[in-house]
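With the model open in a viewer, please follow the stops below in order, making one selection at a time.

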Amino acid sequence: MIMPPNRYLIAAGPTREPIDPVRYIGNRSSGRLGVALADAAARRGHATTLLLGPSGVFPSDPSVLTERFERAEELERLIRDRLHDRDIFIMAAAVADYRPRTRQADKIRREGPSLTIELEQVPDILAGLADVRRPHQLIVGFALEPRSKLLESAQAKLERKQVDMIVANPLETMDATTIEALLIRHDAPPESVGSTHAPLDKQVFASMLIDRCDALLDARADSRSASP
């Protein structure tokens, strides 16, 4: 039986939280993996929307609908506006954990030996989707952690964020062209993909992860149809 195309929403790249009109708090995420995921989904004929942060990497498949964001609140608004009609959401964006409590209207001048900026926590976008997701949607999150805490942190995030899968990867994969990862799910043991000595190209990993997501969604549909 040939399954119909799925509808993908993918978020990629860093966020930038402004300090003043010139400066911001950001991170080193390149957006490469999220863009590769969007290309891989589109190549399989899936309707794909990519929410892309401030990144210089862009999808090569012309059928990918790309929308841009900079701040976490812009990304959250885009996700909530578009999630309702998507089958699969992959949150590969690297969202800042903190942002300045207030943004200076003018450029901050160098007037003293030090500067104090008060930060506030950015709301957890992925965990906040539990109240709006549809029952049969598949949601995948990412965890970037030190190797020593990779499995423990990913399993905790799986529960806390109430998602279907966490892709856990060590800090070294940020801004790299390769990846090594653990796939963490509720209904399966942790699966290692790539290794320190044999990491996977992100394009290869993206194709593998899209295939895995398609298979999981199909299995979920088969389970529903088999239920009395």
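Begin in this predicted model by selecting phenylalanine 89, which stands opposite isoleucine 139 of strand S9. Now widen the selection to strand S6 (residues 88-91) and strand S9 (residues 138-145), which run parallel and are joined by four bridges.

Next, show the whole sheet, which is open, has mixed pairing and consists of eight strands in the order S5-S4-S1-S6-S9-S10-S12-S13. Strand S5 (65-68) and strand S13 (191-193) are at its edges, and because each has a single partner strand, one side of each is left without a neighbour in the sheet. From one strand to the next, the twist averages 20°.

Add the helices now. Helix H1 (residues 32-43) lies across strand S1 (7-12), strand S4 (47-52), S6 and S9, and its direction is at about 165° to S4; helix H2 (residues 72-82) lies across S1, S4, S5 and S6, likewise running at about 165° to S4.

Then turn to the side chains of the largest nonpolar core, which has 33 residues, and select those with the most contacts inside it, namely Leu37, Ile90, Phe142, Val167, Phe205 and Leu209. At least two residues of this core come from each of S1, H1, S4, S6, S9, strand S10 (165-170), strand S12 (181-185) and helix H4 (202-226), with H1 giving the most, eight residues.

Centre the view on phenylalanine 205, which, once its neighbours within four places in sequence are set aside, is in contact with Leu33, Val167, Ile179, Ala181, Leu183, Val193 and Leu200. Finish at another core, lying apart from the largest one and made up of 26 residues, among them Ala11, Ile79, Ile184 and Phe89.

Methods:
Residues are numbered from 1 along each chain as its sequence is written. This is a predicted model: local features need pLDDT of at least 70, side-chain atom pairs count only at pLDDT 80 or more; totals for chains, interfaces and linings use all residues. Side-chain values use heavy atoms; hydrogens and water are left out. Two strands pair if DSSP finds at least two bridges between them. Axes are lines fitted to C-alpha atoms, for helices over the stretch in contact, and angles run from 0 to 180 degrees between N-to-C directions. Contact means heavy atoms within 4.5 Å. A nonpolar core is a set of buried Ala, Val, Leu, Ile, Met, Phe, Trp, Tyr and Cys residues joined through side-chain atoms within 4.5 Å. Buried means under 20% relative accessible area, exposed over 50%, partly exposed in between (1.4 Å probe, protein chains only).
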